[in-house]
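I opened this entry to keep track of what I looked up, element by element. Sheets come before spaces, and single residues come last.

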Amino acid sequence: MLVAAAGFEDRSLAVAQLLQNARVANATIIAYKPRDPRNRMQLLIEALRGKGFALPHVHSMEYDRFKPQTFADSLKTRLIELKTVRVILDISALSKLATLLCLDVTRELNLRVIIHYAEAQEYGPSRNEYEQARGEKVLSRPSTQIYTGVRGVIRVARFSSVAMQGQPTAAIAFMSFNEELIQALLDSVYPSRLFLINSRPPVLKWREQATAWIHSRLLNEWPAADNPIIDGVPVRTASTLDYRESIAVLRDLYWSLNIDHRILLAPTGSKMQTLACFLIVAIHPDIHVEYPTPHGFLNLYSKGTGTSWAVNLGKVGDLIARLSAEEQKAYLQVPSSGQTQDNSARR
């Protein structure tokens, strides 16, 4: 089963170009609501048909970006009906919250999953646009180069936790080119502590400095000890592409905070950082997730299709059990042999 989103970015068609002939395969195309006429639903369907996907096997599924509560159950029902054992999940144009929900369904059904992610050739804003925005006195931060605003903060039952209620909240979020996402989160949940993870692209090194500057005003409002900075760049940083770096940062933060804080995680970073967010939340279901969702996107978001990447997760349920056992052994000195953690129920 292919699960992909009909987005408006060029890279939303990349997965169809890479697929081999699939005459008996099924595909679920996620159609976003509210509808954006730029989304390439028909182009993606035509590309899949060119690869051998028969039209009856290509199914569309609505995903309401502002009311996603029923999406996971609908996807689960479809996967069960088709007796799915393997999913190719294309996250290139997939909403970050939708990515978490899709992965959690595959965890629950213990399906084999391959993650496909296509980079863009160009990301907005460009360096010139950023530097121009930074130099203007009227526009102090260039967030509006990408987003049309923040609709609100969304939470879903699958990633809601009541653990540590009454304890101070520690919020963890990823820096991006839109500090409004994190500001919306803070206005909604009022955490006692804030821990930001800066995003470091493998190329376009200037963007790491840029995201630090975009959030500098926000960082100055919180104790420097929780977000140390050296030479203008946050010490706490993780690759936008290598999700393992983000897992390591999130894991260390979890074990330093979980005894006396309620931990809240906002997946506000890159698509691959979102994969890391899913893995850490699946291992630790006491982490509560809240997602500040953009109202919309401007045309400057990204252009072209760059390198494609694939991550073979294997059976997701088995993966989470193994990662959980390994983490318990590392942090609690608990023997991993024969021990697993049941993540099916949210606490």
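The notes below cover two sheets, a pocket, a cavity, an aromatic pair and two backbone details.

**Model.** I am working from a predicted model, so local features are noted here only where pLDDT is at least 70.

**Parallel sheet.** I looked up the strand order first. I find an open sheet of 5 strands, ordered S12-S9-S8-S13-S14 and paired in parallel. Strand S12 (237-239) and strand S14 (288-289) are at the edges; each has a single partner strand, so one side of each has no neighbour in the sheet. I then checked the S9 end of this order. Strand S9 (residues 193-200) runs parallel to S12 and is joined to it by 3 bridges. For Asn198, I note Thr237 in S12 as the bridge partner. I also asked which strands helix H7 lies across. Helix H7 (residues 206-214) lies across S9 and S12, and I have its direction at about 155° to S9.

**Mixed sheet.** The other sheet I looked up is open as well, with 6 strands in the order S3-S2-S1-S4-S5-S17 and mixed pairing. Its edges are strand S3 (58-64) and S17, each with a single partner strand, so one side of each is left without a neighbour in the sheet. Ignoring direction, I record an average turn of 20° between neighbouring strands of this sheet. Within the sheet I followed one pair further. Strand S4 (residues 86-90) pairs with strand S5 (residues 112-118) in the parallel sense, over 5 bridges. Ile88 has Ile114 in S5 opposite to it. Helix H3 (residues 71-81) lies across strand S2 (27-33), S3 and S4, and runs at about 165° to S3.

**Second largest pocket.** I put the volume of the second largest pocket at about 220 Å³. Which elements give two or more residues to its lining? I list helix H9 (243-257), helix H10 (271-283), strand S17 (308-315) and helix H11 (316-332). Among the lining residues are Tyr243, Arg244, Arg251, Ile283, Asn312, Leu319, Glu326 and Glu327. By class, I have the lining of this pocket as 7 nonpolar, 1 polar and 4 charged residues. Strand S17 therefore turns up twice in my notes, as an edge of the mixed sheet and as a contributor to this lining.

**Second largest cavity.** I count 2 cavities of 30 Å³ or more in the structure. The second largest cavity holds about 40 Å³ of space. Its lining consists of Ile172, Leu250, Tyr254, Ile263, Leu265, Ile280 and Ile287. H9 and strand S13 (262-266) are the elements that give two or more residues to this lining. I find 7 nonpolar residues in the lining of the second largest cavity, with no polar and no charged ones. H9 is thus listed for the lining of the pocket and for that of the cavity.

**Aromatic pairs.** The count of aromatic pairs comes to 8. I looked at one of them, Tyr130 with Trp213: the ring centres are 5.9 Å apart and the planes stand at 75°, so I enter the pair as edge-to-face. Tyr130 belongs to helix H5 (residues 127-135) and Trp213 to helix H7, so the pair ties together parts 83 residues apart in sequence.

**Backbone details.** Is the peptide bond from Lys33 to Pro34 cis or trans? I have this bond as cis, with omega near 0°. Pro34 sits in the loop between S2 and helix H2 (41-50). My last entry is Met164, a residue other than glycine with a positive phi, near 65°. Met164 is placed in the loop between strand S7 (150-154) and strand S8 (169-174).

Notes
Residues are numbered from 1 along each chain as its sequence is written. This is a predicted model: local features need pLDDT of at least 70, side-chain atom pairs count only at pLDDT 80 or more; totals for chains, interfaces and linings use all residues. Side-chain values use heavy atoms; hydrogens and water are left out. Two strands pair if DSSP finds at least two bridges between them. Helices (H or I, at least four residues) and strands (E, at least two) are DSSP runs, numbered from the N terminus. Contact means heavy atoms within 4.5 Å. Axes are lines fitted to C-alpha atoms, for helices over the stretch in contact, and angles run from 0 to 180 degrees between N-to-C directions. On a 1 Å grid over the protein atoms alone, a cavity is a set of points where a 1.4 Å probe fits but cannot get out, and a pocket is an open set with protein on both sides within 12 Å along at least five of seven lines; lining residues have an atom within 4 Å of a point. Grid points are joined across faces, edges and corners, and a volume is the space filled by probe spheres set on the points. Ala, Val, Leu, Ile, Met, Phe, Trp, Tyr, Cys and Pro count as nonpolar, Asp, Glu, Lys and Arg as charged, and the others, Gly among them, as polar. Rings of Phe, Tyr and Trp (its six-membered ring) pair if their centres lie within 6.5 Å; planes under 30 degrees apart count as stacked, over 60 as edge-to-face and the rest as tilted.
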